[in-house]
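Hi,

Here is the structure I promised to send over. Have a look at it first, and then read on for what turned up.

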Amino acid sequence: PPCSMHLIQVDSVQRWMDDLKLMTDCECMCILQSKPISMEKDEQNELMLSSQYSTCDSLQLLLKRAWIISTELTRIAQKLEKNRWQRVHSMTVRVNCHVRSMINEYNTFTRNSSEEMHQFEKLLIDKCSEFTAFTERCIQTEDEQILKSMKSCINETLTTIAQYFGQLIELVLTHEAQNLLRQIELSDSVYVTESAISSLFSLTQEGAHLCRIIAKEGGVVTLFKICRQDCFRGLYPQTLRTLASICCVEEGMHQLEKVDGILCLADILTDNSHSEATHAEAAAVIAQITSPHLTFSQHLSSFLENMEEIVTALVKLCQEASSGEVFLLASAALANITFFDTMACEILLQLNAMKMLLAACSDKRLVDTPYSRDQVVTILANMSVLDQCASEIIQGNGIQLLMEMLFEKPSSGNSAEVAACERVQQKSAVTLARLSRDPEVAEAAIKLSCIPRLIKLCRSPTERNNSDSVLVACLAALRRLAVMSPDGLEDSDFQQLVKPRLVDSFLLCTNMEESFV
């Protein structure tokens, strides 16, 4: 599409309701032939619709308007392909109106916009007028040859409009990010700073592209300055939440390294005078920057220097968590750290974290969703590579817990919840396979009827929600337990699920849909 802007997807009817106001404004302007109503400078604030909005609302309005223009430009290109000249013209008039409305609205609430921005506004308006004139000429002629020659011209103009539009939006968003960051930098007022951070957070929710702009403009540096000033303690949770959003992009992570952000986070986590909300949001930043899905987190050398105190603080936060949400954030950070470096697993073992995590799983107040169980079982799976782990698991009744996790089922059809349940099943099977190196663990698992459950998961696709990763993990665990207890399996199970190569058993089980559903 002409503009790569991301907007949070919402229900289509809701989107239509939201856009209706903007669309009808636009149709009124079509009747007025896009001529703005002249007004005195000092009356402007009273008369313009946008003045009712705060900066944040105005930006949302701008982004919605931009989304409509972006969609319309894409549709014009499609109609042009099909030579639907009448539609192309009416849509061009509409885009023209939307562009003018967007620029007028923006100029009523922005301050000190740059000369470069005004140049792009003028270029865009001129190009849109030229475009409308072109398409008007097209509907007045029926000569195929003229239309054909004009089509490439129109295509070129459309591409130029899309480019100018994209560049203008980029300038506008950069300008607004700079304004908000300047406000945060210069303000001594908690109220003004809070309002600016809130607007900045709203911008980060519009997608990675905006997070990159904010990071490039020094957003991470500015926000960490807030986190180092005692007078803004009440704003730490909100500031850290905004930082976690910006650090989903590489530019944010580089900035975090430059300003010793990890040391600051470690200081916050280990300072007991901070509120639980502040600790939880600091844990969320740690979870974000250590996410195993990020390809750019491996350069966090300063993390290893502070890892022991961060892990210790996170274990304490899990232990003392007053709600499921706090436990989820702290355990997610711990789970990610165990992927980040194996030394973390040894620290967790020394801190007796296994016992605490297993106990938390029995507390419905703390661990009440597949998402929390996913974090706990991730930590258990990563710790299970250590030999000392087996006795800890047995003492904490962990085999029973892993067995229960093999029965994890989503309470709704929500795709994120379904995926979390699959991860819980897969990782509990992986943990069982790893721990069953120890004969005592294998014996406990067999006594708890793990073998029949693993067979059921292998043979029945619906039990594992057709997940291949769950199937592979269950086959591996089953084979490990079958070595310890060959009598626990029927001959057909042994012949199909244990004896062949793993890949052959896998292929056999993936083709069982017909007979077992």
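**Helix 14 and its surroundings**

Helix 14 bends by about 60° at Met307. Keep in mind that this is a predicted model, so everything below is computed from its atoms. The helix covers residues 301-320, and at 1.5 Å a residue those 20 residues should span 28 Å; the C-alpha atoms at its ends are 29 Å apart, which agrees.

Quite a few of its side chains are tucked away. Met307, where the bend sits, is itself buried, and so are Ser302, Phe303, Asn306, Ile310, Val311, Ala313, Leu314, Val315, Leu317 and Cys318. What do the buried residues of helix 14 pack against? Their partners are helix 11 (250-258), helix 12 (261-270), helix 13 (276-289), helix 15 (324-340), helix 16 (343-350) and helix 17 (353-360).

**The chain as a whole**

If you scroll through it, you'll see 27 helices and zero strands. The chain has 517 residues, and 52% of them count as buried. Among contacts with a separation of 6 or more, 74% are between residues 24 or more positions apart.

**Two helix pairs**

Try helix 4 (residues 85-109) and helix 5 (residues 115-139) to begin with. Their axes are 9 Å apart and they pack at an angle of about 160°. An angle over 145 degrees counts as roughly antiparallel, so that is how helix 4 and helix 5 run relative to each other. Their crossing is left-handed.

Helix 9 (residues 219-226) and helix 11 make another pair: their axes come within 8 Å and cross at roughly 45°. That makes helix 9 oblique to helix 11. The crossing here is right-handed. On the helix 9 side, the contact is made by Val220, Val221 and Phe224, while helix 11 supplies Gly252, Gln255 and Leu256.

**Single residues to click on**

Ile289 is in helix 13. Buried or exposed? Ile289 has a relative accessible area of 0%, so it is buried. Its C-alpha atom is 9.6 Å from that of Ile337, with the two positions 48 residues apart along the chain.

Ser436 is in the loop between helix 21 (415-435) and helix 22 (439-447). Despite the loop setting, Ser436 has a relative accessible area of 1%; the cut-off for buried is under 20%, so Ser436 is buried. Which residues is Ser436 in contact with, leaving aside neighbours within four places in sequence? They are Val441, Ala442, Arg480 and Leu481.

Then there are two backbone oddities. Most residues other than glycine have a negative phi. Asp260, which is not a glycine, has a positive phi of about 55°. Asp260 lies in the loop between helix 11 and helix 12, and its relative accessibility of 42% makes it partly exposed.

Asn465 also has a positive phi of about 55° without being a glycine. Its place is in the loop between helix 23 (450-459) and helix 24 (468-484). With a relative accessible area of 38%, Asn465 is partly exposed.

Cheers

Technical notes: Residues are numbered from 1 along each chain as its sequence is written. This is a predicted model: local features need pLDDT of at least 70, side-chain atom pairs count only at pLDDT 80 or more; totals for chains, interfaces and linings use all residues. Side-chain values use heavy atoms; hydrogens and water are left out. Helices (H or I, at least four residues) and strands (E, at least two) are DSSP runs, numbered from the N terminus. The expected span of a helix is 1.5 Å times one less than its number of residues. The bend at a residue is the angle between axes fitted to the seven residues ending there and the seven starting there. Buried means under 20% relative accessible area, exposed over 50%, partly exposed in between (1.4 Å probe, protein chains only). Contact means heavy atoms within 4.5 Å. Axes are lines fitted to C-alpha atoms, for helices over the stretch in contact, and angles run from 0 to 180 degrees between N-to-C directions. Angles under 35 degrees count as roughly parallel, over 145 as roughly antiparallel, 65 to 115 as roughly perpendicular and the rest as oblique. A crossing is left-handed if the near helix is turned anticlockwise from the far one by less than a right angle, and right-handed if clockwise.
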